[in-house]
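These are my notebook entries on a ligand site, two helices and a pair of backbone details. I began by opening the sequence and the coordinates side by side.

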Amino acid sequence: MDRLRIKGGQQLKGEIRISGSKNASLPLMVAALLTDRKLTLHNVPRLADITTMIQLLKQHGVEVGAAPGENGHDRGTTLTLQAAKITSTTAPYDIVRKMRASVLVLGPLLAREGQARVSLPGGCAIGARPVDLHIAGLKAMGAEIDIDGGYLVAKAPKGLKGARFTFPKVSVGATENLMMAAALAKGTTVLDNAAREPEITDLAECLVSMGVSVRGIGTETLTIDGVKSLKEASHRVIPDRIETGTYAMAVAMTAGDVELLGGRLDLIESVVQTLRGAGVTLEKTEKGVRVHRTNGALRGVDVMTEPFPGFPTDLQAQMMALMTRAEGASMITETVFESRFMHVPELARMGANVTIHHESALVRGVPKLRGAEVMATDLRASVSLAIAALAAEGETTINRLYHLDRGYERLEEKLAACGADVERLKG
Ligand code: EPZ
């Protein structure tokens with residue numbers, strides 16, 4: 001298993017290219033299941049989760065082609081996906097357990113084929129993460145869904161029907177699943193209290209290019225008119241806002257100065273406000289975003305994670321790493337997932353002072369962190385340790401690098417190009 005060795009103390013300076021969004025790419029790829037026509041996606045990042053999704057889609061019968069982006073792999077991959085015929089409506093446990101986003105195939109398979117068998121994803125490192133909202137929404141559209149042998153067994157022999165469904169809780173994945181199902185349902189579907197994340201908007205815009213009418217894009221009420229068939233389309237994936245925020249925090253941590261090429265401030269407004277409050281400068285440039293903290297200490301700020309447009313849960317761990325070195329205290333409250341503080345004991349091994357009270361963590365800034373051997377159990381927790389390591393005295397080794405590889409493209413290369421002392425240790 002690969003590990004990452006980071007020797008702290010270097011200021012990050014230079015440029016980092018922001019990749020295409022992982023969490024936008026995954027549902028966009030699944031949208032290919034809705035049609036026998038070709039879907040071309042540009043700017044797809046090269047990540048383990050994307051490879052897993054390709055594997056899943058191929059076993060459903062999707063033909064997948066991959067080519068380097070316009071300027072070679074530096075600009076992501078262009079994927080062509082064509083599901084001329086669905087050869088299997090089962091999403092097996094072996095793939096679903098590796099990546100929860102696999103559950104997104106449920107709606108599209110059911111809508112197109114009238115049936116689907118999708119393994120239940122089970123618990124994961126950041127909490128129980130049920131799929132009850134996906135099920136309730138599809139049932140409202142006429143599906144019959146049972147659980148058998150650990151699988152969701154869904155049927156809609158006469159096809160899905162448009163319906164009005166109000167999410168009792170905001171869910172990114174359930175909104176995506178239902179939007180895709182609605183695209184092939186008979187009649188109009190109205191989704192209330194839908195998620196408004198930029199990844200949802202990206203999927204909605206792609207569905208529009210595929211010939212579906214989606215109204216209310218970017219709002220909490222989405223209205224989708226189902227169509228009999230979708231058409232060939234080509235779509236460019238939005239830049240990864242979580243990667244943008246992660247590198248902004250890494251730069252802030254080292255008091256560096258970096259231009260994040262292709263990064264978009266409008267996708268992370270709540271993060272920008274929070275970071276500005278902490279003493280970090282972020283400005284829009286022609287090529288993306290410039291982040292710097294060339295003078296002054298970091299200040300402690302309070303953060304509460306919320307669905308978009310609130311502060312994203314996927315940047316909570318990184319923000320906590322940053323706050324470990326701030327002047328004063330910071331209260332970080334996680335409201336989206338119930339157990340997303342696994343990075344706390346690992347940060348503590350590096351000298352951070354963090355106390356957890358239920359869903360909040362009180363971070364008291366310390367004058368220095370020390371390198372240590374650490375390990376984390378999920379993607380964002382792992383990268384928070386890398387951020388801490390960049391400012392720690394001495395060497396840090398991050399174990400189980402496969403978590404990072406699920407969501408950060410060439411992290412060590414991007415950091416090293418800006419002066420970080422970082423190395424991937426193979427094995
Ligand atoms: C997406 O997960 C992201 N994954 C997550 O990113 C992200 O943390 C999350 O949205 C929240 O922003 C992808 O886009 C692939 P949810 P998702 O359904 O869709 C509860 C990362 O690090 N819930 O919005 O699974 C759920 O337990 C990953 O890149 C139900 O109760 O998240 C959670 O508390 C991690 N029932 C809340 O809703 C359901 O049926 C929000 O989850 C579905 C969700």
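Which polar backbone atom is 2.7 Å from an oxygen atom of the ligand? I looked this up in what is a predicted model, and found that the atom belongs to V172.

Entry on the other polar contacts. I then turned to the side chains, where an N or O atom of D314 lies 2.6 Å from an oxygen atom of the ligand. For P130 I noted a backbone N or O atom at 3.2 Å from a ligand oxygen atom. I next checked how far the ligand is enclosed, and found that the protein covers 87% of the 830 Å² of accessible area that the ligand has on its own.

Entry on the shell. I counted 22 residues around the ligand, with D132, S171, D314, V336 and R380 as the closest. By class, I recorded 10 nonpolar, 5 polar and 7 charged residues in this shell. When I asked which elements contribute two or more residues, I obtained α1 (22–30), α5 (132–140), α6 (172–183) and α12 (379–390). Of the shell, the largest share comes from α5, which gives 3 residues.

Entry on α5 and α6. Since both helices had appeared in the shell list, I looked up how they pack, and found that their axes come within 8 Å and cross at roughly 25°. Angles under 35 degrees count as roughly parallel, and α5 and α6 are therefore roughly parallel to each other. I also noted that α5 passes α6 in a right-handed crossing.

Entry on the backbone. I kept in mind that most residues other than glycine have a negative phi, and that most peptide bonds are trans. Against that background I marked the peptide bond from F308 to P309, which is cis with omega near 10°; P309 sits in the loop between β19 (303–304) and α10 (316–323). I also marked H358, a residue other than glycine whose phi is positive, near 50°, and placed H358 in the loop that runs between β21 (353–357) and β22 (360–364).

How values were computed
Residues are numbered from 1 along each chain as its sequence is written. This is a predicted model: local features need pLDDT of at least 70, side-chain atom pairs count only at pLDDT 80 or more; totals for chains, interfaces and linings use all residues. Side-chain values use heavy atoms; hydrogens and water are left out. A residue is near a molecule or strand if one of its heavy atoms lies within 4 Å of it. A polar contact is a pair of N or O atoms within 3.5 Å; within protein, one must be able to donate a hydrogen and the other to accept it, and residues adjacent in sequence count only if both atoms are side-chain atoms. Accessible areas come from the Shrake-Rupley method with a 1.4 Å probe; for residues, only the protein chains shown count as cover. Helices (H or I, at least four residues) and strands (E, at least two) are DSSP runs, numbered from the N terminus. Ala, Val, Leu, Ile, Met, Phe, Trp, Tyr, Cys and Pro count as nonpolar, Asp, Glu, Lys and Arg as charged, and the others, Gly among them, as polar. Axes are lines fitted to C-alpha atoms, for helices over the stretch in contact, and angles run from 0 to 180 degrees between N-to-C directions. Angles under 35 degrees count as roughly parallel, over 145 as roughly antiparallel, 65 to 115 as roughly perpendicular and the rest as oblique. A crossing is left-handed if the near helix is turned anticlockwise from the far one by less than a right angle, and right-handed if clockwise.
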